[in-house]
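Here are my notes on the model, set out as numbered points. Please read them with the structure open.

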Amino acid sequence: MNLQQAQAYLINHLSRVYDSREAATMADWILVKLTGHSKVDRLIKKDEALTETQLNSLHGYVEELVAHRPVQYVLEESYFMGLEFYVDENVLVPRPETEELVDWILKDLKGREAKVMDIGTGSGCIPVTLKSKNKSLEIIATDISNEALYVAKKNADTHRTKIRFVQHDILDRQGWDDVGMFDVIVSNPPYIPEEDKLTMNDNVLKYEPHHALFTGCDDPFIFYKEIAAFAAKHLNKGGALYFEIHELGGETTVEILKAEGFSNVELRKDIFGKDRMVKAQF
């Protein structure tokens, strides 16, 4: 099978499960991963044959993708603000909305020194990107999952970013006093109540890490309440708390922050016009 035939094979099989544009994008992504050739290079080298190893990988990728396993997990890579991250089923795939949140923080800091805490770091996309774009930041990143922290450390090492990683459950207040003070606290916490599992797609339930999605109770705002209470005690004067939120949870999150003593609360929409980010200061 040559490169041109491989492209056609991928699009043909993936189009049975995904729409044509998504299938074409996946096909291109897979062939870049397999061959290292860009789309232009593959057009020039369209008659180049795949090796046996590449062919076996291609068939394996297709089998997983038609079973609805996310392409980022299949290829073990995802891109975030121009940086490549290793991902697997222990972490959520980085989302475009989170890029907007990180960009907001970077613009507010304007390259200044600051001490930052990321709560529920997952793949480490938030702290690694912040540190990559602003070398003067001192960052601590926490997660309840050791497996997630392994992925985050791997990404930090890849991008040569010095970040302190700590296993911690933010809902456990016993460890709150030991972490110090911060200029920025950021979090994209779980916000899906347990009861919603009954109505979610199988591809999410099968592959995405439940600890990063579900609150473990029927309160979708439990993490926002606890992190807001934590931030009220651990933000330096003039510091800021940044949340990524569910599009329908904006007003409630604002009220939670105001109840915790924050007065400068800004609710911001993403590029799709949905309430997805909140910033709060005392």
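**Notes on the sheet, the cores and the aromatic rings**

1. Start with β6 and β7: they run parallel and are joined by five bridges. Val-186 is placed opposite Tyr-242 of β7. Keep in mind that this is a predicted model.

2. On to the partner β9. Strands β7 and β9 run antiparallel, with four bridges between them. Phe-243 has Val-278 of β9 as its bridge partner. How enclosed is β7? Seven of its ten residues are buried, so the rest of the structure largely encloses this strand.

3. Now the whole sheet. It is open and has seven strands, ordered β5-β4-β3-β6-β7-β9-β8, with mixed pairing. Strands β5 (164-167) and β8 (264-269) form the edges, each pairing on one side only. From one strand to the next, the twist averages 15 degrees.

4. At the β8 edge, six bridges connect β8 with β9 (residues 275-281), and the two run antiparallel. One example is Glu-266, whose bridge partner in β9 is Lys-279. A helix also packs on the sheet: α11 (residues 222-234) touches β3, β6 and β7. The direction of α11 makes about 165 degrees with that of β7.

5. Which residues of the largest nonpolar core touch the most other members? They are Leu-130 and Tyr-242, in a core of 28 residues. Both helices and strands supply this core: α6 (96-109), α7 (125-133) and α8 (146-158) are among the elements giving two or more residues, as are β3 (114-119), β4 (137-143) and β7 (235-244). Helix α6 gives the largest share, six residues. As background, nonpolar side chains tend to be buried together in soluble globular proteins.

6. Tyr-242 deserves a close look. Setting aside neighbours within four places in sequence, its contacts include Leu-101, Trp-104, Ile-105 and Asp-108. Tyr-242 also contacts Val-184, Ile-185, Val-186 and Ser-187, and further on Val-278 and Lys-279. Val-186 thus appears twice in this note, as a contact and as the residue opposite Tyr-242.

7. There is a second, separate core. It has 26 residues, including Ile-192, Phe-221, Phe-230 and Phe-243. Phe-221 and Phe-243 also belong to one aromatic cluster, together with Tyr-224.

8. The structure holds five aromatic pairs. In one of them, Trp-29 and Tyr-79 are tilted, at 6.4 Å centre to centre and 50 degrees between the planes. That pair links distant parts of the chain, 50 residues apart: Trp-29 is in helix α2 (residues 20-35) and Tyr-79 in strand β1 (residues 78-80). Are these two residues buried or partly exposed? Trp-29 is buried, because its relative accessible area is 19% and the cut-off is under 20%. Tyr-79 counts as partly exposed, at 43%.

9. Why does the pair of Phe-221 and Tyr-224 count as tilted? Their planes are at 55 degrees, with the ring centres 6.3 Å apart, and tilted pairs are those neither under 30 degrees nor over 60. Both residues are buried: Phe-221 has 17% relative accessibility, and Tyr-224 has 1%.

10. Last, charges over rings. Arg-268 lies over the face of Trp-104, 3.8 Å from the ring centre. Lys-115 has its charged end over the ring of Phe-182, at 5.2 Å from the centre. Trp-104 is also one of the contacts of Tyr-242.

Technical notes:
Residues numbered from 1 in each chain as written. Predicted model: local features only at pLDDT ≥ 70, side-chain atom pairs only at ≥ 80, totals over all residues. Heavy atoms only, no water. Phe/Tyr/Trp six-rings, centres within 6.5 Å; stacked < 30°, edge-to-face > 60°. Buried < 20%, exposed > 50% of the residue type's maximum accessible area, 1.4 Å probe, protein only. Lys NZ or Arg CZ within 6 Å of the ring centre and 35° of its normal. Core = buried A, V, L, I, M, F, W, Y, C linked by side-chain atoms within 4.5 Å. Contact = heavy atoms within 4.5 Å. Pairing = 2+ DSSP bridges. Axes fitted to C-alpha atoms, helices over the stretch in contact; angles between N-to-C directions.
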